[in-house]
Amino acid sequence: MALLITEKCINCDMCDPECPNEAITFGAEIYEIDPDKCTECVGHYEKPTCQSVCPITNCIIIDPEHKESNDELLEKFVKLQGLV
């Protein structure tokens with residue numbers, strides 16, 4: 001399950017530097033998360049750091065269009081890190 005930044009985003013720039021996979025970029029109006037790079041911090045941290053540092057409640061949520069199991073997220077982490 002990749003994460004999704006909602007329209008509640010105030011562009012505070014707290015999440016972007018915290019992402020270990022560089023999945024967060026500034027989009028047309030708000031920050032966006034690339035679902036191909038987002039592992040919900042699996043392999044790096046216990047919970048998603050972007051959610052931890054975001055000052056807006058429920059601004060960063062699970063993306064309903066990109067559901068993945070923890071095993072799939074870990075597999076994506078391994079591939080992104082070049083550990084295959």
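Which residue follows α2, and what is the sign of its phi? I looked this up before anything else, keeping in mind that the model is predicted, and found that G82 comes after α2 with a positive phi, near 70°.

I then turned to helix α2 itself, which spans residues 70–80 and whose buried residues are L73, K76 and F77. Looking down the axis of α2, I noted that these buried residues fall within an arc of 105°, so they line one face of the helix. On the other side of α2 I found D71 and K79, both exposed; a lysine thus appears in each list, K76 among the buried residues and K79 among the exposed ones.

Stepping back to the chain, I counted 2 helices and 4 strands, and I read their order from the N terminus as β-β-β-α-β-α. I checked the radius of gyration next: at 12 Å it is close to the 12 Å that the globule rule gives for 84 residues, so the chain is as compact as a globular protein of that length. Along the principal axes, the C-alpha atoms fill a box of roughly 35 × 25 × 25 Å.

For burial and contacts, I recorded that 36% of the 84 residues are buried, and that, of the contacts with a separation of 6 or more, 67% are between residues 24 or more positions apart.

Last, I looked at the surface and the charges. The accessible surface of the chain is about 5400 Å², with 49% of it belonging to carbon and sulfur atoms. The chain carries 6 positive and 17 negative charges, and I noted that the mean positions of the two sets lie 4 Å apart.

Terms used. Residues are numbered from 1 along each chain as its sequence is written. This is a predicted model: local features need pLDDT of at least 70, side-chain atom pairs count only at pLDDT 80 or more; totals for chains, interfaces and linings use all residues. Side-chain values use heavy atoms; hydrogens and water are left out. The radius of gyration is taken over C-alpha atoms; the globule rule is 2.2 Å times the number of residues to the power 0.38. Buried means under 20% relative accessible area, exposed over 50%, partly exposed in between (1.4 Å probe, protein chains only). Contact means heavy atoms within 4.5 Å. Accessible areas come from the Shrake-Rupley method with a 1.4 Å probe; for residues, only the protein chains shown count as cover. Lys and Arg count as positive and Asp and Glu as negative; His and the chain ends are not counted. The place of a charge is taken as NZ of Lys, CZ of Arg, CG of Asp or CD of Glu. The arc is that of the directions from the helix axis to the C-beta atoms.
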